Amino acid sequence: MSDRRRRTLTRRRALGLTAGLGLAAAASPSLALAAAPSPYPKGQRPRLLNVFAEDSLSTAERTLATTLQGLMARRGSESLYLNLPTLGYQHWLDDLVSRYGVVARAGDLWKTVSRSGIRGYVLFRTGTPSVNVATTLAGVTGAVAVEESLEAVAIRNGLRKVLDVRDKDDRWVFETYWPKLRHDVAVEQRADIPERLRDYVTMAGALAFFDGNTDFRAEVVKALDEDGTVIGWGDASNGEDAFIGVNSAAGVKALPADHARNLSVLSGIREERLSQHVSAALPTPDPDAHYVSFLITDGDNIQWALGDFPTDPRWFGSPRRGEVDLGWGISPSLIDVAPSVMRWFYDQSRKDRWVVGPSGGGYMYPSRYPAGALDKHTAALAQAMGRADLSVAQIIDFDAFEKTGVWSSYLKHREIDGLIYLEYSRYDGLKGKVTWAEGKPVIGARTMLWDGLSGADEASVTAELNAATRNPRSTAGYSVVVWHAWSKSVDDVLSVVNGLAPHVKVIPPDTLVRMVGKYAKP
């Protein structure tokens, strides 16, 4: 799990070449993925997984293993899985076995290579951009990426060199191979990360790149399709808006996922529709009550959802989860890129309700999105929300709260009941203000729990909620409290809840949105 947001406390075509190397048609996403009506590339359903503890492999072996994994995921049947038993990856593996009938066994890397039918390799050098070049071209050629320290072993195991890219960089592969790469998705990944996301790059036939916040990065983003997706994470050293803003202006969203593993395998599961199991029934409003929802930040973060979010006691792994209604954010992309994971979260929910993380189908600033791209984005979002039983989305933007034309693009869709708006800095800048579009509410956070920020400690939040207006027929009778994922925990939320006066009633965030829409409409 990256600590980028923890440090800053901010928000953060088909392929034409198969090279005759044993994968033939399976080397082309256009053939391997054509049957999947999905907005994201998907692997084929796995039947047998060769499981490796990630720390049992060297860094060079991890790059080889993940590009192998991506190529095998195009065919389904046999593949491999990198496991980190202390994180969510053990849950996802166990679930694949118990619910979906996948067979898991201990893996042997070179025996798996031999069984795969892959006969070629792309040579790269650690410490250079060539690892991204090799990862990209593994998807083009149907060959695995081999670091130069493993070349002799690769040759002994019957592989032959297809390309030597040790002196190549991301710009070279972009300028040379862009027509042969897919244009709806690109992957932003640092060269010093040997395995994460690389299986998905290779499976999808996508570009892997990383170049800070440069003109070249902007060129890549602009080359993507309207409402395309950059999966991964950029250079946030000067704030994440440095690259999310560039994406947004180009009509491109981001899925934070640079530390995600096994997406080529997890995307191979199909779930057409999923349902939340915890009831979201609308209560009869108490005229003397103030209603409040607690909602965590950073729900767009796929790597976190896959990693320590389900196991860490600060978050979904808390033994106290279930004591009170809690709101969690989730990326609607999981219905396609990891549907078994989304289903697991729904199955494990107690008094938990899920809403869409910022700012819909991915992280972007809606007011900066071109109008046509935004309409395309919200149409796809509404479809995904319908499939995933989600009805409310969080938004992050800059001074855009009153731009109701932007919110109409979301709220004209019947699947979306309302929006929860977070001002980029600070999230609670609107102090609970509500605006309306298409007859539906856009609700600003009233307050927040965030370590080190004034008025965002437990005592201050408790006092503010206890003193808030008691009137469910007024928008002032409702509060959304956002709690900062990297500095607060379930225990901190419960310390506020335990100090609330009896007239302050805790409800899920989607219930709150529906109550505002029904009872407090002007």
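Okay, let's start with the open space: the largest pocket holds about 370 Å³. Bear in mind that this is a predicted model. Twenty-one residues, so 21 in total, line that pocket, and Pro-39, Tyr-40, Asp-227, Lys-253 and Ala-380 are the ones closest to its centre. Which elements give two or more residues to the lining? Those are β9, residues 228-232, and α16, residues 371-387. The biggest contributor is α16, with seven residues. By class, the pocket lining splits into eight charged, seven nonpolar and six polar residues.There is a closed space as well. The largest cavity comes to about 70 Å³. Its lining is made of Asp-298, Gly-299, Asn-301, Trp-304, Ala-305, Phe-309, Gly-329, Ile-330, Ser-331, Phe-345 and Trp-354. Helix α13, residues 302-306, and strand β12 each supply at least two of the lining residues. Sorted by class, the cavity lining has six nonpolar, four polar and one charged residues.

Stay with Asp-298 for a second. Most residues other than glycine have a negative phi, and most peptide bonds are trans. Asp-298 is not a glycine, yet its phi is positive, about 65°. You'll find Asp-298 in the loop between β11, residues 290-296, and α13. Is Asp-298 buried or exposed? With a relative accessible area of 2%, Asp-298 is buried.

Now compare another aspartate. Asp-389 also has a positive phi, about 55°, without being a glycine. Asp-389 sits in the loop between α16 and β14, residues 392-397. At 31% relative accessibility, Asp-389 counts as partly exposed.

While we're on backbone oddities, there are cis peptide bonds to look at. One joins Pro-358 and Ser-359, with omega about -15°, and Ser-359 is in the loop between β13 and α16. Another runs from Ser-425 to Arg-426, with omega near -5°. Arg-426 is in the loop between β15, residues 418-423, and β16, residues 434-437.

Next, the inside of the protein. In soluble globular proteins, nonpolar side chains tend to be buried together. Here the largest nonpolar core has 91 residues, and the members touching the most others are Phe-294, Leu-306, Trp-328, Phe-345, Trp-407 and Tyr-410. Helix α16 turns up again, giving this core its largest share, six residues. There's also a second, separate core of 34 residues, including Phe-243, Ala-254, Tyr-291 and Val-480.

Aromatics come next: the structure holds 33 aromatic pairs. One of them is Trp-328 with Trp-483, edge-to-face, at 5.8 Å centre to centre and 70° between the planes. That pair links distant parts of the chain, with Trp-328 in strand β12, residues 326-330, and Trp-483 in strand β19, residues 478-483, 155 residues apart. Both Trp-328 and Trp-483 are buried.

Then there's Trp-407 with Tyr-410, a tilted pair at 6.3 Å centre to centre and 45° between the planes. Why are Trp-407 and Tyr-410 separated by about one helical turn? Because they are three residues apart in helix α17, residues 404-411. Trp-407 and Tyr-410 are both buried.

Ring pairs also build a cluster, and among its members are Trp-92, Trp-304, Phe-309, Trp-328, Phe-345, Trp-354 and Trp-483.

Back to Trp-328, and what sits around it. Leaving aside neighbours within four places in sequence, its contacts include Leu-295, Phe-309, Trp-315, Arg-353, Trp-354 and Val-490. Let's follow Arg-353, which is in strand β13, residues 352-356. The C-alpha atoms of Arg-353 and Trp-328 are 6.3 Å apart, although 25 residues separate them along the chain. Arg-353 counts as buried because its relative accessibility is 7%, and the cut-off is under 20%. Beyond four places in sequence, Arg-353 also contacts Gln-276, Ser-279, Pro-508 and Asp-510, among others.

Two helices to finish. In α11, residues 241-249, the buried residues include Phe-243, Ile-244 and Asn-247. The buried residues of α11 pack against α10, residues 215-223, along with β9 and β10, residues 252-256. After α11 comes Gly-251, with a positive phi near 75°.

The other helix is α12, residues 263-266, home of Ser-264. At 0% relative accessibility, Ser-264 counts as buried. Which residues does Ser-264 contact, leaving aside neighbours within four places in sequence? They are Gly-43, Gln-69, Gly-70, Ala-73, Asp-199, Tyr-200 and Met-203.

Definitions and conventions: Residues are numbered from 1 along each chain as its sequence is written. This is a predicted model: local features need pLDDT of at least 70, side-chain atom pairs count only at pLDDT 80 or more; totals for chains, interfaces and linings use all residues. Side-chain values use heavy atoms; hydrogens and water are left out. On a 1 Å grid over the protein atoms alone, a cavity is a set of points where a 1.4 Å probe fits but cannot get out, and a pocket is an open set with protein on both sides within 12 Å along at least five of seven lines; lining residues have an atom within 4 Å of a point. Grid points are joined across faces, edges and corners, and a volume is the space filled by probe spheres set on the points. Helices (H or I, at least four residues) and strands (E, at least two) are DSSP runs, numbered from the N terminus. Ala, Val, Leu, Ile, Met, Phe, Trp, Tyr, Cys and Pro count as nonpolar, Asp, Glu, Lys and Arg as charged, and the others, Gly among them, as polar. A nonpolar core is a set of buried Ala, Val, Leu, Ile, Met, Phe, Trp, Tyr and Cys residues joined through side-chain atoms within 4.5 Å. Buried means under 20% relative accessible area, exposed over 50%, partly exposed in between (1.4 Å probe, protein chains only). Contact means heavy atoms within 4.5 Å. Rings of Phe, Tyr and Trp (its six-membered ring) pair if their centres lie within 6.5 Å; planes under 30 degrees apart count as stacked, over 60 as edge-to-face and the rest as tilted.
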